[in-house]
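The following account leads from the ligand and its surroundings outward to the protein as a whole. Please keep the sequence and the structure in view while reading.

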Amino acid sequence: MSIDVYATAGAIEKDLRNHACVIVDVLRASSVITTAIEHGCKSVIPVAEVEDAAMMARQLGGERVLLCGERQGLLIPGFNLSNSPLEYTQEAVSGRVLVMSTTNGTRAILRTGSCKAMFMGSFLNAKAVAEAALSQSDSIAIVCAGTGGRYSLDDILCSGAIISRIIDMTGKQALCDLSRTALALYDSYSEDLFTSLQGSQHFERLRSLGFEEDIRYCLQEDVMQAVPVCVNGVIRKLDRGA
Ligand code: MLT
């Protein structure tokens, strides 16, 4: 078994068609998607551009569709929900189709391309997504969204958390250098993720916008069982009975 970590989707250098991929954007897109799926949304459709999201919502039509996401971390004018996971309550999203566009996270999903299975991972569902990936392939790739095309510490720490769950379940694995780094960082920082992330770029940017509560929310580990799975461009809840 092998576990690779990519710092960004742009760093993927090999064919992932036989891999189970886990897309990670801890702050905040993959945490938001995990929350929305856990709280009963019907599906999430990731879209790169704001205009395309608005067009897609019009095509789908009806009040069951919500436009979601952010630019510069904030609600996009005319959209229903921003990228704060706290807005994605059961009341707000249950039964809804979410058309979502975020700066890095949804683009990482769209850039990852063909793979055997594609899941969304976060601290919230680290153990559940590790199990899902293991059930699909013995080649696992964790693709971090990063920030602006660059490595982001929050995503790397979450990759380490997912790797630690896989190793707990299966024993020692073949890790690429970035997987080893992610695991070592997670092992030394996991006692207090919030403090460990202080000073990191994306964390501080979100904090300066007033999103400290969102950050604390996104750093909770293994509090959700839902695993979002992306098939043909649509994200739904993984049916474990299937
Ligand atoms: C992103 O996709 O870039 C983010 O999740 C950013 C954010 O939450 O503001």
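**The ligand and its surroundings**

In this predicted model, the ligand is surrounded by 13 residues, and the closest are Arg28, Asn83, Thr102, Asn104 and Gly105. By residue class, this shell divides into three nonpolar, seven polar and three charged residues.

Among the closest residues, Asn83, Thr102 and Asn104 each have a listed side-chain approach to the ligand. A polar side-chain atom of Thr102 is found 2.6 Å from a ligand oxygen atom. For Asn83, a polar atom of the side chain lies 2.7 Å from an oxygen atom of the ligand. The side chain of Asn104 likewise places an N or O atom 2.7 Å from a ligand oxygen. Of the 260 Å² of accessible area that the ligand has on its own, the protein covers 98%. Where, then, does the ligand sit? Its site is the largest pocket.

**Two backbone features**

Arg28, one of the residues closest to the ligand, also takes part in a cis peptide bond: the bond from Leu27 to Arg28 has an omega near 5 degrees. In the chain, Arg28 belongs to the loop between strand β2 (20-24) and helix α1 (29-38). The residue can thus be located in two ways, by its place among the closest neighbours of the ligand and by its place in this loop.

A further backbone feature concerns Gln72. Although Gln72 is not a glycine, its phi is positive, at about 55 degrees. Gln72 is also a loop residue, placed between strand β4 (65-69) and helix α3 (90-93).

**The protein as a whole**

The elements named above belong to a protein with 10 helices and 10 strands. Its radius of gyration is 16 Å, close to the 18 Å that the globule rule gives for 242 residues, so the protein is as compact as a globular protein of that length. Measured out along the principal axes, the C-alpha trace spans about 50 × 40 × 30 Å.

Conventions. Residues numbered from 1 in each chain as written. Predicted model: local features only at pLDDT ≥ 70, side-chain atom pairs only at ≥ 80, totals over all residues. Heavy atoms only, no water. Near = heavy atom within 4 Å. Polar contact = N/O pair within 3.5 Å; in protein donor to acceptor, adjacent residues only side chain to side chain. Areas by Shrake-Rupley, 256 points an atom, 1.4 Å probe, with all protein chains shown as cover. 1 Å grid on protein atoms, 1.4 Å probe; cavity = no way out; pocket = protein on both sides within 12 Å on 5 of 7 lines; lining within 4 Å. Sits in = over half its atoms within 2 Å of the grid points. Nonpolar A, V, L, I, M, F, W, Y, C, P; charged D, E, K, R; others polar. Helix = DSSP H or I, 4+ residues; strand = E, 2+ residues; numbered from the N terminus. Rg over C-alpha atoms; globule rule 2.2 N^0.38 Å.
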